[in-house]
Amino acid sequence: MEDSPVILIHGPRQCGKTTLARLIGDSKGYDYITFDDDLQKAAAQADPIGYIADLPDRVILDEIQRVPELFTSIKAAVDKEKKTGHFILTGSANVLLFPKLADSLAGRMEILRLHPLAQVEIARTNIFFLKEIFTGTFTPTTGRRLGKELAAKITTGGYPPAVTRTTSKRQATWYRNYIETIIQRDIRDLARISSLEVLPRLLSLAAGQTSCLINISELATPFQLSRPTIKEYITLLSGIFLLEELPPWHNNRMKRLVKTPKLHLGDTGLSCALLGLNASTLWNDRPLLGRMLETFIFQELRRQASWEEGLFRFFHFRDKDQVEVDIVIESEGKIAGVEIKSSSTVRTEDFKGLRKLKDSVKTQFSAGVVLYDGDAVVRFGDRLYAVPLSLLLE
């Protein structure tokens with residue numbers, strides 16, 4: 001707000017964007033307008049230039065993606081007034097996936113991604129995992145085994161309205177209603193789709209393949225739709241933050257790498273509700289628990305990275321021999337690897353992928369960690385550690 005004319009807070013619906021914008025804006029005298037109000041939306045669409053010209057000096061415009069016509073008018077107002085902190089925008093669609101919107105305010109807009117709550121935010125604790133992995137020093141610390149509690153955390157997810165519900169049944173009901181509402185409203189605003197009923201089924205299918213390599217042909221199989229259409233639908237679901245593609249990591253010194261992105265759901269509470277899973281059924285399905293845990297940890301690290309000072313970029317690594325690292329993180333020229341296990345036992349072979357990554361990047365390698373459901377930090381060689389999941393989540 002001190003140096004940018006426009007601040008956009010974007011992220012999925014119900015993650016807390018409006019709450020955050022009003023918390024900041026109300027204390028600084030900002031007016032508030034939401035385009036979930038159909039009257040405001042119609043007025044803005046009818047006369048975008050006049051609508052923006054009549055606004056107060058400092059204003060919050062909520063759910064701006066519903067009125068994309070305003071972006072060029074906001075640009076004109078910013079260029080004329082040349083004031084910092086002029087507009088706070090919130091949006092439930094990723095404008096970076098819609099270049100015409102992003103380009104219209106290039107150089108004038110700071111974009112902040114807001115995620116659902118991280119586990120450490122829910123627990124109200126301070127965690128320094130990302131700093132430790134990039135300094136390559138994990139001190140011997142005692143954690144605790146989470147057991148079935150881990151499955152409960154995964155099925156609850158991080159959306160504030162779901163977290164505050166007291167039973168898993170009520171949480172699942174909220175998630176199912178959420179999906180129905182968001183597809184009926186936000187998708188209609190972004191694209192003309194005749195087969196809206198396909199999207200919940202496609203999202204459920206994607207939930208079952210979370211943390212797997214993206215296979216468009218497999219996702220398209222149950223539907224009478226072409227691969228390009230399914231790919232377009234995946235892009236739309238990514239545009240409203242329900243899906244996320246984790247790109248492959250590559251290195252000029254390494255050959256025969258798999259270059260297919262991984263698919264992750266935006267939140268595991270949502271994934272489990274789509275698949276009809278509660279903590280007990282998830283705990284008893286060990287292969288699915290492993291995949292859900294991988295998505296859960298990936299999203300937790302993304303959320304923790306969003307409030308750190310440095311820039312963190314996330315990838316996955318896999319070669320043609322199926323040697324892999326679940327999450328590769330790059331920051332300031334350094335590279336770290338994270339492997340994720342739902343079991344309480346760690347073996348030397350669990351570090352196979354991390355060792356291959358370390359040998360490839362040499363001095364750039366900061367640390368490799370196997371996160372597991374145990375209670376002790378254990379060193380497995382130079383800059384290689386087994387670390388309890390509880391030390392990341394609590």
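Axes are lines fitted to C-alpha atoms, for helices over the stretch in contact, and angles between N-to-C directions run from 0 to 180 degrees. The structure is a predicted model. In this model the axes of helix α11 (residues 227-239 form its partner, α13) come within 11 Å of the α13 axis and cross at roughly 80°. Angles of 65 to 115 degrees count as roughly perpendicular. α11 and α13 are therefore roughly perpendicular to each other. From α11, the contact draws on Val198, Leu199, Leu202 and Leu203. From α13, Ile230, Tyr233, Ile234 and Leu237 take part. By class, this contact holds 8 nonpolar residues, no polar residues and no charged residues.

Helix α11 (residues 198-208) also packs on a sheet, where α11 touches β7 and β8. The direction of α11 makes about 110° with that of β8. The sheet in question is open and has 3 strands, in the order β6-β8-β7. Its pairing is antiparallel. β6 and β7 stand at the edges with a single partner strand each, so one side of each has no neighbour in the sheet.

Strand β8 spans residues 262-265. On one flank, β8 is joined to β6 (residues 212-213) by 2 bridges, and the two strands run antiparallel. Within this pairing, Cys212 has Leu263 of β8 as its bridge partner. β7 (residues 243-246) pairs with β8 over 4 bridges, again in the antiparallel sense. Here Leu246 is the bridge partner of Lys262 in β8. In a regular strand, side chains alternate between the two faces of the sheet. In β8, Lys262 and His264 point one way, whereas Leu263 and Leu265 point the other way. All four are buried.

A further open sheet is built from 5 strands in the order β2-β3-β4-β1-β5. Its pairing is parallel. The edge strands are β2 (31-34) and β5 (109-113), and each pairs on one side only. Neighbouring strands of this sheet are turned against each other by 15° on average, direction ignored. Inside the sheet, strand β3 (residues 59-62) and strand β4 (residues 87-91) run parallel and are joined by 3 bridges. Val59 stands opposite Phe87 of β4. Helix α4 (residues 70-81) lies across β1 (6-10), β3 and β4. The direction of α4 is at about 160° to β4.

Arg113 belongs to strand β5. With a relative accessible area of 27%, Arg113 is partly exposed. That value falls between the 20% limit for buried residues and the 50% limit for exposed ones. Leaving aside residues up to four places away in sequence, Arg113 touches His10, Gly11, Phe241, Glu244 and Arg302. Among these contacts, His10 lies within the range of β1 (6-10). Glu244 lies within the range of β7 (residues 243-246). Arg302 lies within the range of α16 (residues 286-305). The C-alpha atoms of Arg113 and Lys17 are separated by 9.3 Å, although the two residues are 96 residues apart along the chain.

Helix α16 takes part in another helix pair. The axes of α8 (residues 148-156) and α16 (residues 286-305) come within 10 Å and cross at roughly 60°. That angle makes α8 oblique to α16. The crossing is left-handed. Leu150, Lys153 and Ile154 of α8 make the contact with Leu289, Met292, Leu293 and Phe296 of α16. These residues divide into 6 nonpolar, no polar and 1 charged. Lysine counts as charged, so Lys153 supplies the charged member of the contact.

Lys320 lies in the loop between β9 (313-318) and β10 (324-331). Lys320 is partly exposed, with a relative accessible area of 48%. Beyond residues up to four places away in sequence, Lys320 touches Arg256, Leu257 and Val258. The C-alpha atoms of Lys320 and Leu257 are separated by 5.9 Å, with their positions 63 residues apart along the chain.

Terms used. Residues are numbered from 1 along each chain as its sequence is written. This is a predicted model: local features need pLDDT of at least 70, side-chain atom pairs count only at pLDDT 80 or more; totals for chains, interfaces and linings use all residues. Side-chain values use heavy atoms; hydrogens and water are left out. Angles under 35 degrees count as roughly parallel, over 145 as roughly antiparallel, 65 to 115 as roughly perpendicular and the rest as oblique. A crossing is left-handed if the near helix is turned anticlockwise from the far one by less than a right angle, and right-handed if clockwise. Contact means heavy atoms within 4.5 Å. Two strands pair if DSSP finds at least two bridges between them. Buried means under 20% relative accessible area, exposed over 50%, partly exposed in between (1.4 Å probe, protein chains only).
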